[in-house]
Amino acid sequence: MVSILLVHHSPTQATAEIAEAALSGLRMPELGAVDVTVRPALEATSADVLAADGFVLGTTANFGYISGALKHFFDTTYDEVRDPTAGRPFSYWIHGGYDTTGAETAMKQITTGLGWKLAFDPLIVTGEVTDDHLAGATELAATVAAAAM
């Protein structure tokens with residue numbers, strides 16, 4: 001059985017909808033047995049990361065950067081998980097009102113430093129979340145799970 005860690009910061013209805021869509025992708029029957037651990041970014045630990053075969057991450061874009069909660073997750077786990085999890089598949093979503101450029105750059109830099117392998121193009125959403133965005137989040141998460149198998 002493959003284990004996927006979904007770490008997100010979803011303080012708004014829009015980001016919570018994206019997180020739920022990603023979770024539904026991880027629970028697709030076609031994937032078979034997938035052990036899913038869902039953690040709000042402020043509650044995720046190094047043990048959660050070390051136990052996972054792949055990662056789905058989600059954040060808001062706040063003041064041009066990733067959320068403080070997701071940054072805290074990376075700050076508190078990075079050193080311990082960097083080497084043991086290198087090469088594991090991941091992807092992420094970012095939701096912002098207008099501009100996500102800084103958040104996109106941060107996610108690329110941090111995950112490159114971790115050595116994780118992008119399994120699906122990130123979902124970048126500005127403004128209103130549509131059904132197409134939600135479908136994209138579902139596909140993103142399912143692809144990460146499939147890549148970890």
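A residue is called buried here when its relative accessible area is under 20%, exposed when it is over 50%, and partly exposed in between (1.4 Å probe, protein chains only). At 90% relative accessibility, Phe63 therefore counts as exposed. The model is a predicted one, so to speak of local features a pLDDT of at least 70 is needed, side-chain atom pairs count only at pLDDT 80 or more, and totals for chains, interfaces and linings use all residues. Residues are numbered from 1 along each chain as its sequence is written, and side-chain values use heavy atoms, with hydrogens and water left out.

Back to Phe63: this residue sits in the loop between β3 (54-62) and β4 (65-66). Helices (H or I, at least four residues) and strands (E, at least two) are DSSP runs, numbered from the N terminus. The phi angle of Phe63 is near 55°, a positive value in a residue other than glycine.

Next come the cores. A nonpolar core is a set of buried Ala, Val, Leu, Ile, Met, Phe, Trp, Tyr and Cys residues joined through side-chain atoms within 4.5 Å. The largest one has 25 residues, and those touching the most other members are Ile4, Ile18, Leu26, Val34, Val56, Trp93 and Leu123. Two or more residues each come from β1 (2-8), α1 (13-26), β2 (34-40), β7 (123-126) and α5 (131-148). Of these, α5 gives the most, with eight residues. Val34 shows what such a position looks like: leaving aside neighbours within four places in sequence, Val34 is in contact (heavy atoms within 4.5 Å) with Met1, Val2, Ile4, Leu26, Ala145 and Met149. Apart from this core lies another, of 24 residues, including Val7, Phe55, Leu70 and Val81.

Two of the helices just named, α1 and α5, also pack on each other, at an angle of about 40° and with their axes 7 Å apart. Axes are lines fitted to C-alpha atoms, for helices over the stretch in contact, and angles run from 0 to 180 degrees between N-to-C directions. That makes α1 oblique to α5, since angles under 35 degrees count as roughly parallel, over 145 as roughly antiparallel, 65 to 115 as roughly perpendicular and the rest as oblique. On the α1 side, Glu17, Ile18, Ala21, Ala22, Ser24, Gly25 and Leu26 meet Leu134, Ala137, Thr138, Ala141, Ala142 and Ala145 of α5.

Ala19 is also found in helix α1 and is buried, with a relative accessible area of 6%. Outside its neighbours within four places in sequence, Ala19 is in contact with Leu6, His8, Ser10 and Trp93. Ala19 and Gly58 are 39 residues apart along the chain, yet their C-alpha atoms are separated by 7.1 Å.

A second helix pair is α3 (residues 68-85) and α4 (residues 101-114), which pack at an angle of about 15° with axes 10 Å apart. That makes α3 roughly parallel to α4. Leu70, Phe74, Tyr78, Val81 and Arg82 of α3 make the contact with Met107, Ile110, Gly113 and Leu114 of α4. Helix α3 also holds Thr85, which is buried with a relative accessible area of 0%. Leaving aside neighbours within four places in sequence, Thr85 is in contact with Val49, Leu50, Phe55 and Trp116.
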